[in-house]
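Here are my notes on the model you passed along. Have it open while you go through the points.

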Amino acid sequence: MSFVVTSREGVSPGRPLVPCTFVIFGAAGDLSRRKLLPSLYRLWAQKLLHPQTAVVGVARREWNDDQFREMVAEALTEFIGPEAVQAPEWEGFSRRLFFAGFDLRDTEGYRRLRERSRSLADLELVGKQLVFYLSIPPEVFTTVLENLRAAELTAYERTDFGEWPRIVVEKPFGRDLDSSRALNALLLRSFRESQIYRIDHYLGKESVQNLLVFRFGNTIYESIWNRRYVDHVQITVAEEIGVGTRAATYEQMGALRDIVQNHLIQLLATVAMEPPSAIDAKHVRQEKVKIIESVRPLREEEVAEYFVRAQYTAGTIQGEPVPGYREEPGVAPNSVTETFVAGKLYVDTWRWSGVPFYVRTGKRLPKRITEVAIQFKEPPMLLFRGHNLPQPNVLVMRIQPNEGISLSFAAKAPGVSMELASVEMNFLYEEAFHQDLPDAYETLLLDVIVGDQMLFAHAELHEAAWQVLMPILNAWEETLAPLYRYPAGTWGPEAAEKLLSQDGRRWRRL
Ligand code: BG6
């Protein structure tokens with residue numbers, strides 16, 4: 001069954017154009033080239049940015065504006081396609097690009113940045129409202145924040161377009177509860193919470209935003225979204241890729257910090273939260289914090305019973321041999337960094353009491369797939385026992401790829417005898433809307449510019465997430481739980497299967 005769009009009422013960007021200068025720290029880096037600059041350009045090309053928008057790249061290079069423009073042209077060609085810089089919009093966009101080359105420790109550089117942005121604004125070339133995007137390693141966060149402050153670049157201002165300047169912070173949000181609190185305190189020395197945008201690109205994905213719409217824009221699901229009908233929930237964030245060139249960073253993080261602390265917890269919060277009293281930043285973020293605070297804390301001694309960690313060994317993915325994690329360039333030969341995590345969490349609220357949330361994530365798994373599956377209970381009376389009764393209903397929200405939603409249910413298989421089969425209703429985003437989905441960064445960068453924090457994490461959410469993870473991190477550090485191994489190209493170690501089989505359940509075969 002396919003779905004057609006029957007109404008698109010209210011579907012229009014309808015957002016104000018806000019003049020501002022977007023300052024990217026780490027402008028020559030991978031994220032900037034791959035995501036930030038292409039997303040800003042696409043927004044520009046769709047006329048969603050104010051004509052006085054400017055982008056100032058900051059990096060430790062001796063480039064002038066033209067050299068920076070060349071770098072951006074190369075990045076757009078690589079990540080959008082050669083048509084990007086052949087389009088008429090490129091000309092206008094490239095004139096909005098400026099460069100400030102300095103070492104992030106050099107205080108003089110920040111002063112020059114301030115003068116430059118002021119003089120451009122005085123010429124009315126660009127908006128004087130500043131957005132700082134920190135696409136830099138966490139070790140230099142403190143230096144940059146202190147230098148921005150010393151150069152008076154952080155002076156608070158409220159304009160018709162909200163509170164400025166704004167700061168966008170990329171992961172990681174600390175590496176444990178204490179460092180996360182320290183980072184928040186540092187940010188709050190120069191900015192108010194309303195000026196801080198902690199980005200988690202998962203929240204910008206259309207299919208993740210659709211979780212909110214699916215749950216709270218429809219009537220029929222809410223009444224079954226609870227412990228009475230739901231047997232358990234499975235959240236999977238599986239990746240086929242290994243650590244690639246990020247080994248040095250990944251070695252310090254592992255899958256728990258890289259994916260569970262942010263993307264996975266956000267998915268869990270979105271699925272489990274109570275309906276907010278309004279779809280806005282304040283109410284949605286409040287409900288998310290509440291639900292994460294309701295996750296039952298584990299005791300360190302019981303971590304091994306609830307959470308499994310593992311690391312990939314050499315194996316085969318799509319027929320190609322791939323090395324083990326410890327053989328990857330930049331990884332210590334005796335590394336104990338986990339590349340796979342599976343776990344069971346309980347959310348102690350009236351709605352979810354007793355319903356396990358099984359979560360798993362890993363690198364070098366058989367395929368790239370992210371989904372949230374709501375597994376419903378068996379019917380109260382198994383009237384069709386002995387008639388090939390299929391699995392109980394499953395509602396799957398596919399975050400990527402093939403973004404969409406499917407619901408499986410039992411149907412009578414054609415024939416003279418009463419045999420049952422499982423069938424699926426399937427909604428595929430691209431099929432229903434006949435258009436490409438925007439990149440998550442496009443959505444999120446535009447939200448920063450217009451001042452909408454709904455899809456950004458509040459400081460309290462990160463603290464609540466770290467509270468959940470601290471016993472696990474502590475237990476692992478004290479080696480209270482084994483580090484399992486799994487061959488690349490498999491769904492993780494046997495222990496991950498056991499986590500569910502001991503509860504009489506099993507992971508979905510994806
Ligand atoms: C990042 C992680 O946040 O998300 C990476 O640091 C991971 O390790 C990436 O590969 C996955 O993002 P996506 O959008 O491809 O699912």
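1. Which residue stands opposite I374 in β16? The residue facing I374 there is L395. Strands here are DSSP runs of E with at least two residues, helices are runs of H or I with at least four, and both are numbered from the N terminus. Two strands count as paired if DSSP finds at least two bridges between them.

2. Quick ground rules. This is a predicted model, so to speak: local features need pLDDT of at least 70, side-chain atom pairs count only at pLDDT 80 or more, and totals for chains, interfaces and linings use all residues. Residues are numbered from 1 along each chain as its sequence is written, and side-chain values use heavy atoms, with hydrogens and water left out.

3. Stay with β16 (residues 394-400) for a moment. Seven of its seven residues are buried, where buried means under 20% relative accessible area, exposed means over 50%, and partly exposed is in between (1.4 Å probe, protein chains only). On one hand, β16 runs antiparallel to β15, joined by six bridges. On the other, β16 pairs with β17 (residues 404-412), also in the antiparallel sense, over five bridges. In that second pairing V394 stands opposite S408. The two strands β16 and β17 make a hairpin with three residues between them, and N402 in the turn has a positive phi of about 50 degrees.

4. Now zoom out to the sheet. It is open, has nine strands with mixed pairing, and its order is β18-β17-β16-β15-β9-β14-β13-β10-β19. At the edges are β18 (420-428) and β19 (483-487); each has a single partner strand, so one side of each is left without a neighbour in the sheet. Neighbouring strands are turned by 20 degrees against each other on average, direction ignored (axes are lines fitted to C-alpha atoms, for helices over the stretch in contact, and angles run from 0 to 180 degrees between N-to-C directions). Within this sheet, β9 (residues 230-238) and β15 (residues 369-376) run antiparallel and are joined by eight bridges. One bridge pair there is V230 with F376 in β15.

5. There is also an open sheet of six strands, ordered β3-β2-β1-β4-β7-β8, with parallel pairing. Its edge strands are β3 (97-101) and β8 (196-198), each pairing on one side only. β7 (residues 166-169) and β8 pair in the parallel sense over three bridges, and I167 has I196 as its bridge partner in β8.

6. Have a look at Q195, in the loop between α7 (177-190) and β8. Q195 is buried, with a relative accessible area of 1%. Its side chain reaches the backbone oxygen of W164 at 3.1 Å. That is a polar contact: a pair of N or O atoms within 3.5 Å; within protein, one must be able to donate a hydrogen and the other to accept it, and residues adjacent in sequence count only if both atoms are side-chain atoms.

7. Last, the ligand. Its surroundings include K171, E239, R246, D258 and Q400, where a residue is near if one of its heavy atoms lies within 4 Å. Polar side-chain atoms lie close to ligand oxygen atoms at 2.7 Å for H201, 2.9 Å for Y202 and 2.6 Å for K205. The protein covers 80% of the 400 Å² of accessible area that the ligand has on its own (Shrake-Rupley method, 1.4 Å probe; for residues, only the protein chains shown count as cover).
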